[in-house]
Amino acid sequence: MESSENGSGLNSNLDRRTLLKGVGVAGLAAVPMLSSGMMSPAEAAGQSLNFTAWEYQPDTIKSLVATWSKKTGNKVTTSFIPNVGYTAGIQARQRGGKPADMFYNFAYNSQKFVNQKWAADLRGLPGADAMVADMFPSSRARFVAQNGAIVSVPYFAAVHMLQYNKKMVAAAGFSSTPNSLQETYDQCKKIKDNGVASPYVAYWVKDFVEEYLHVYLLAGNVKPFDDKGNPIFMDDPKTLDVLNWWQAMYKDGMTPKSVLTDDPGKHTTAIANGDAAFYALHHYFLRDIVESKGSASADISQAKIVGTGGKTLQMGEVVQMGAKLTGAKKAAAWDFMKNYGYKDSAGQFTTFQKWASSGALCAPYPGFFTDPKVIAAFPKYMDLTLIGDTFKTASDVVPARTLPWYQGFQAQCGTIIHDLLLGNSNARATANALAIACKTAKSGSGL
Amino acid sequence: MKREEPKRSVSNRRFGFYLAFPSILILLLLLVIPAVLTVFQSFYVVPADGVGIGEFTKISNYSYIFSNIIFWQTCLRSIEFAVIFIIGSTVIGLSAALLLNEKFVGRLVLRGLLVLPWACPWLIVGIIWKWFLDGNIGLLNGILMRLHLISQNIDFLSNPKLALWMTALAAIWRQSCLVALLLLAGLQTLPREVWDAASVDGAGILQRFRHITLPWLRPALTVVTVLNIIYGLMQFDVIFAMTQGGPGSATTLLSFLIYRQFFIFTNFGVGSALAVALAAVALLGGLIAVKTLYRKIEV
């Protein structure tokens, strides 16, 4: 891998393995004393910060920010950018000389932002190592770059799950949800024969289908990238099985033809009203399905996407710190970020408790799933233990997804996968095209 | 007395300049400087952090895009979209203007309604039309079913052969309202006596349209065509909301490539070169339109 892909500009003698080994020790040995000339949160009071987020539950965000402000005596100006176009909006602010002090970001942009000196490396900040040490091992790679830089804190985390209609699965003669991709097809076929025109729905639109590439590769026991972030999926024969399965699901009508442009709201309505049996997407979509109170909402439950053997994709977005902060302002911003993406000063998952209650969002910490307040706040119709177990043992963040070049690959995936689904390409050609897309993204070229 | 006139003229010109100065300044800041910068950046490798200008690369950004098959495929698709958009919005807008220029009950209400689509932002238009054309629960499929014109739903947006036409249709819906408003204003300046005289002379409705209405509307049509060329070639929001450029690359236009270069690859040099190429196509289209339509006026 070229040096730029490893995060040039983040010079460090530590590699990720060393750091991850060390964080446990560092976490235990963490002292309240603040290093690197950082001030304590109390000393950092009275700062004016600005925070940029996208518009998911803005009132919840405002309330979380207000609570922290009140507690610490710092002023935070929160601004919202619509979800559509957030990437462009946040970049325009950076380039325009009005960078945010703390800001939401997509995980796939996070290392790139640090490399471009738009976001700070959080190494050395008090409690940063402890935060990483507290995460699921499977989650750490999203926040820690290959050179050891800590690029972000969690905004939320989620796993892909299979929302399914219990009655439809049982009526088709199956005692459990599918345990392989082939079983998924077989169950869909039987349910389709029983009269459900399009049993399987998923958010396969052009800009999002890359997540499913990993969901299905992981379900098919394919490791997409090696430890250095080089693509290896194209050399694995199982990749072709996965791609052939995917194409068959679309071509044979297991999904609606419109699935290439349908949004999650439509899928939610479809499964909630009994027009679909399976809906593969992040775990928290079960909340929308149940709360939409459709005719079949009460029949919907949740299972791992592939019940045995395979893993699914663990995703989540992040909060980053602006690169220009220093002194008291930096200390205040870091306190805000710890509060927002980890624990408050009392050691409570206050922010995540709120998100658990208002959106069924999770945090990538084992402690989150055993926290009594989180358990009390999480929707009762969701199996928090199952979700926690998926985080712990059956999911992978695919570390390459946060590498600086990755967004260039992500942007090309949609066209390539859609061509496969539409029958314009076959599995072999698709695997090759995806590998070439990785190469062009890494070289910074490609239209 | 002879000396006073030029003095007043200079004074008037200066006063005019003062009045126009705020607008000139805004245009300079928001239009001219960014445009010049874009041309400038298209010859450089621009650092992604936006600080400094980077290495001068002569025409390598242009060589790169012109040697890429994706650019030419997308360019052709953009022109195809623009042609559908220009013809569709002009024809529908002109028809609506002719209709609304006639006297009938409810004319004023309809004229008022004409403003509504134009008041919708492009992104909202895209969202509305996405639901209207939905392959499962869309209103259009429902109407066609009720009329027994189709026996099963049509996937308007997931079908690569239909998607470009459907996104163009959504954009036409909004733009034709503006066209209708502009042409209606032109029609209302047409003296009724000219029409009446032509009728007395035995000219039929088509002859009157061809020899009186169209020539009268040519200045307005020139403006409308140039606007349509610009909107057609620069279209992004409607398609982004409806298909995100998919399925596959069926609705990926040049504006998408520019967006991708700027905000995903953070490759400002290539993005700027693409923007200049798109502007050149729009300029060429605009010049051809102006030249053609104005020449006809002179004849």
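Q: Let's start small. Which residues of α17(A) are exposed?

A: Thr385(A) and Thr393(A), on the other side of the helix from its buried residues. Keep in mind that this is a predicted model.

Q: And which residues of α17(A) are buried?

A: Start with the general idea: an α-helix has 3.6 residues a turn, so residues three or four places apart point the same way. In this helix, the buried ones are Leu384(A), Ile387(A), Thr390(A) and Phe391(A). Around the axis they span an arc of only 125 degrees, which puts them on the same side of α17(A).

Q: Let me zoom out. How is chain A divided into domains?

A: Look at the residue ranges, since a domain can be built from separate stretches of the chain, as in this case. Domain 1 takes 14-157 + 315-399, while domain 2 takes 159-313 + 401-442. Their C-alpha centres are 29 Å apart.

Q: How many residues are in contact between domain 1 and domain 2 of chain A?

A: There are 26 residues of domain 1 in contact with 25 residues of domain 2. On the domain 1 side, α4 (107-115), α17 (384-393) and β9 (395-396) of chain A each supply at least two residues. So your helix from the start turns up again here, because α17(A) is one of those elements. The biggest contribution to that side is from α4(A), with seven residues. By class, the domain 1 side has 15 nonpolar, seven polar and four charged residues.

Q: What does the secondary structure of chain A come to?

A: Count the elements: 19 helices and nine strands. Then add burial, which covers 57% of the 447 residues in chain A. You can also check sequence separation: of the contacts in chain A between residues at least 6 apart in sequence, 76% join residues at least 24 apart.

Q: How do I read a strand? Take β7(A): which strand pairs with it, and in what sense?

A: In a regular strand the side chains alternate between the two faces of the sheet. As for the partner, β4 (residues 153-165) of chain A pairs with β7(A) in the antiparallel sense, over five bridges. To get the register, note that Met161(A) stands opposite Lys304(A) in β7(A).

Q: Why is β7(A) largely enclosed by the rest of the structure?

A: Because five of its five residues, 300-304, are buried.

Q: Next, the nonpolar core. Which residues have the most contacts inside the largest one?

A: A core is best read through its hubs. This one has 143 residues, and its hubs are Met102(A), Ala202(A), Tyr216(A), Ala276(A), Phe278(A), Phe336(A) and Met337(A). The strand β4(A) gives the largest share, nine residues. Both domains of chain A contribute residues, so the core lies between them. For a look at one hub, Phe278(A) touches Leu162(A), Tyr164(A), Cys188(A), Pro199(A) and Tyr200(A), leaving aside residues up to four places away in sequence. Another core, of 52 residues, lies apart from this one, and among its residues are Leu157(B), Leu253(B), Phe262(B) and Phe265(B).

Q: Last one: how many residues does the contact take from chain A and from chain B?

A: You can read it just like the domain contact: count, then elements, then classes. Chain A gives 28 residues and chain B gives 27 residues. In chain A, α3 (86-95) and α18 (406-421) each supply at least two residues, and α18(A) gives the most, with seven residues. The classes on the chain A side are eight nonpolar, 14 polar and six charged.

Terms used
Residues are numbered from 1 along each chain as its sequence is written. Chains are lettered from A and ligands numbered from 1 in the order in which they are written. This is a predicted model: local features need pLDDT of at least 70, side-chain atom pairs count only at pLDDT 80 or more; totals for chains, interfaces and linings use all residues. Domain bounds come from an automatic or database domain assignment. Two residues are in contact if their C-beta atoms, placed from the backbone, lie within 7 Å. Helices (H or I, at least four residues) and strands (E, at least two) are DSSP runs, numbered from the N terminus. Ala, Val, Leu, Ile, Met, Phe, Trp, Tyr, Cys and Pro count as nonpolar, Asp, Glu, Lys and Arg as charged, and the others, Gly among them, as polar. A residue is buried if 20 or more other C-beta atoms lie within 10 Å of its own, exposed if 12 or fewer, and partly exposed in between; C-beta atoms are placed from the backbone. Two strands pair if DSSP finds at least two bridges between them. The arc is that of the directions from the helix axis to the C-beta atoms. A nonpolar core is a set of buried Ala, Val, Leu, Ile, Met, Phe, Trp, Tyr and Cys residues joined through C-beta atoms within 7 Å.
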